[in-house]
2 protein chains.
Amino acid sequence: MANDAFHLNDISVATLLERQSLKWRRYEPDVIPLWVADMDFPVAPCVQRVMEKSTAKGDYGYALRDGDQPAMAASKAFACRMEQKFGWRVDPADTLVINDLVQALFASVIAFTDPGDAVAMQTPIYPPFRDAVRDTGRRIVANPMPDDGRRFVIDAKDLAERLDGNVKLLFLCNPHNPTGRVLERAELEKLAQLAAEKDLIVISDEIHSDIIFDGRRHIPFASISDEAASRTVTLTSATKSYGFAGLRCGVVHFGSKSLKQRFEARIHPRLLGTPGVTGIDATVAAWTSGEPWFAGALDHLQSNRDELIATIGRDLPEVKVRSPEATYLAWLDFSALDLTETPYDFFLNKARVALSPGAAFDPACERFARLNFATTRPILAEALARMVRAVRGRS
Amino acid sequence: MANDAFHLNDISVATLLERQSLKWRRYEPDVIPLWVADMDFPVAPCVQRVMEKSTAKGDYGYALRDGDQPAMAASKAFACRMEQKFGWRVDPADTLVINDLVQALFASVIAFTDPGDAVAMQTPIYPPFRDAVRDTGRRIVANPMPDDGRRFVIDAKDLAERLDGNVKLLFLCNPHNPTGRVLERAELEKLAQLAAEKDLIVISDEIHSDIIFDGRRHIPFASISDEAASRTVTLTSATKSYGFAGLRCGVVHFGSKSLKQRFEARIHPRLLGTPGVTGIDATVAAWTSGEPWFAGALDHLQSNRDELIATIGRDLPEVKVRSPEATYLAWLDFSALDLTETPYDFFLNKARVALSPGAAFDPACERFARLNFATTRPILAEALARMVRAVRGRS
């Protein structure tokens, strides 16, 4: 099995508990943490090599890479990768390299809207999307994703009805966190048409675009058409698929020169800072040489996903779940269990498994939770067994 | 000699040229780079250890430190250090941890002034001070530092005259880059009095506050009085004195809760991002355990400074220089040489020594250059010998 070759099951709970990570240190050691979107695998060898090389040299001063600012190396690696993976040609000069994508969400809201304006987004949604709107004095326009009996889908009709003149921005998350949907060309084209009609700027968070299962293809929103590109800011980062979120590094791509100018007229790039060189070096290594490792990681994640969906179908049939097309996150609906507490509290207390509480993604989703399956098979199996026992053992 | 114990002279040009650093890669390999404010020494053992430990574990995910966000560890280390070194008690909760201090300069201008407002600063000055004002559509009010025959001084009378109602902010740089002055209590008190009279916010960049010679003492501006603190934002970072600017990490301290609130009402902290965990870990290590190494580095720097001043006095007596009281930077006035090009161009072309051009610090200082003496003694001696030969060999 490909994943065995990459030893993704070799890491032990004891080793993971030695990490000084948010995922493994937030809860007591007997809790299995399947929450924050971090992977439990050792990083790709190319990432580890670049870190070891930099540490061996003790070379931590103001850095230059290939005769330029380090950020340009990340921008160039981004451009190469977009063309190779998605056939999308971009100019490195149209990017900004920043710490993390939450920073980019806040910056985009401030740059492209005024207080009182509204930002539309498909819900449920990764909580910082909500924070970036609410905490800057803007208004959230929620466009819920209904389950069409097969999967969660974009409700373009509902969105169109909600797009009043106050909505200036559409926050897109594709692949979608937490539903795991990979939006298809027709869906993206419909959104692009709406954006054009209503003159919206689209902020497209595509951080999960590597983690796509079953041979599906990710389509960058800005690659749909020149018109779509001209109004699209694409956000991505290698940290999610290569497991180094602590080092920080994200790329913001503007689909037109004028969009970048408009952004920079409100947000000076030096206000955002540039990430440390370890984050940049790791990003360049991952995007340039990380594909062989990632192929193994992806096999492992897909196989974990299949195990998760099979276990739920067999042992927890009351739990509604759609098999994620992307991401290492599953969005679970526990409503039919009629738990007396939230699923988050129930599984933390009764199964010692930490999920992400559904209400953080959507106030209407209190009976949901998100499960992160980017761990070893034994850990995932143990967590699922505990969850099944807790549900079956309810009094 | 203390510095020998720390092997600060052991590093060779060949090793330095292997660095991927801005300082050593910007120019051709035959140029001795005495420009950007980075040191040529290996980092402190405690910094190297923390980097090696983190690399050995490959632990790069979302991080936790002592049960809290990593930024809090840097804030706590900052608070401990301020009390121990300067007897200044601060609350870690009154800080923000950011990438770099240039980011903080831009953020402060945007938070505390409006376009068209003015920001006062002592000139010459570290170029990003100028950028942060000009690039955000504000106006620079220059308060030149005259040479009183002994050293560069604050001209408080001139400053008072320039403080019209448009000046909302005073950018202080203490110790001062590029003159190397350590402002004394009387000078700081005079500035605090002016700030109170004119209701100015003071942004005090104290990044060089470790690098103080001849037993002088740094006084944090905010420690002058509660009144001064209430209007002061202090900026500092371990990266300058411990040599890891590429990793990024700076601390912004607000002298009152209401000042922080006022800042955050205009600049949401999540817009600024948080630095990668390597920069934070290195900062905590430096501030917690770096003092023994730094004492040796400081001895070395002071001895380099003495050698520089002695050489100039003996071999380049036309060059005016005041012995820096702080920083590893010397501000050299080459006016009397009547060079036909700027000193920067002259020494780059004729001596193959790269200095920082004076005009970047003050348009009126075209005949000045800044020299960074944080290198090994042999490299410094070679650079000075080349400079002397170039001046003496002029036709």
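This short presentation covers how the two chains of this model meet, and how the two domains within chain A meet.

Let me begin with conventions. This is a predicted model, in which local features need pLDDT of at least 70 and side-chain atom pairs count only at pLDDT 80 or more, while totals for chains, interfaces and linings use all residues. Residues are numbered from 1 along each chain as its sequence is written, chains are lettered from A and ligands numbered from 1 in the order in which they are written, and side-chain values use heavy atoms, with hydrogens and water left out.

I turn to the relation between the chains. In general, two copies of a chain are related by a rotation about an axis and a shift along it. Here, a turn of 180 degrees and a shift of 0.0 Å along the axis lay chain A on chain B with an RMSD of 0.0 Å; the superposition is by least squares on the C-alpha atoms of residues with pLDDT of at least 70 in both copies. That is the relation of a two-fold axis. In chain A, the residue closest to the rotation axis is Leu272(A), with its C-alpha at 2.7 Å. Both copies use the same surface, since 100% of the contact residues of chain A recur in chain B.

How many residues does each chain bring to the contact? Chain A gives 55 and chain B gives 55, where contact means heavy atoms within 4.5 Å. Together the chains bury about 4800 Å², 53% of it on carbon and sulfur atoms. Buried area here is the accessible area (1.4 Å probe) that two parts lose on being put together, summed over both.

The interface of chain A and chain B holds 2 salt bridges, each being a side-chain nitrogen of Lys or Arg within 4 Å of a carboxyl oxygen of Asp or Glu. Arg270(B) pairs with Asp131(A) in a salt bridge, with the closest N and O atoms 2.9 Å apart. There are also 39 residue pairs in polar contact across this interface, both residues at pLDDT 80 or more. A polar contact is a pair of N or O atoms within 3.5 Å; within protein, one must be able to donate a hydrogen and the other to accept it, and residues adjacent in sequence count only if both atoms are side-chain atoms. By class, the side of chain A that touches chain B has 23 nonpolar, 16 polar and 16 charged residues.

Next, the interior of chain A. Its two domains are domain 1 (2-45 + 291-392) and domain 2 (56-289), with bounds from an automatic or database domain assignment. Their contact takes 30 residues from domain 1 of chain A and 35 residues from domain 2 of chain A. The C-alpha centres of these domains lie 25 Å apart. Between them, the two domains bury about 2800 Å², with 56% of it on carbon and sulfur atoms.

Across this domain interface there are 7 salt bridges. One joins Arg181(A) to Glu325(A), at 2.9 Å between the closest N and O atoms. Polar contacts between domain 1 and domain 2 of chain A number 16 residue pairs, both residues at pLDDT 80 or more.

Finally, the whole structure contains 73 salt bridges over all chains. Within chain B, the side chains of Arg352(B) and Glu28(B) meet in a salt bridge of 3.3 Å, N to O.

Key
Ala, Val, Leu, Ile, Met, Phe, Trp, Tyr, Cys and Pro count as nonpolar, Asp, Glu, Lys and Arg as charged, and the others, Gly among them, as polar.
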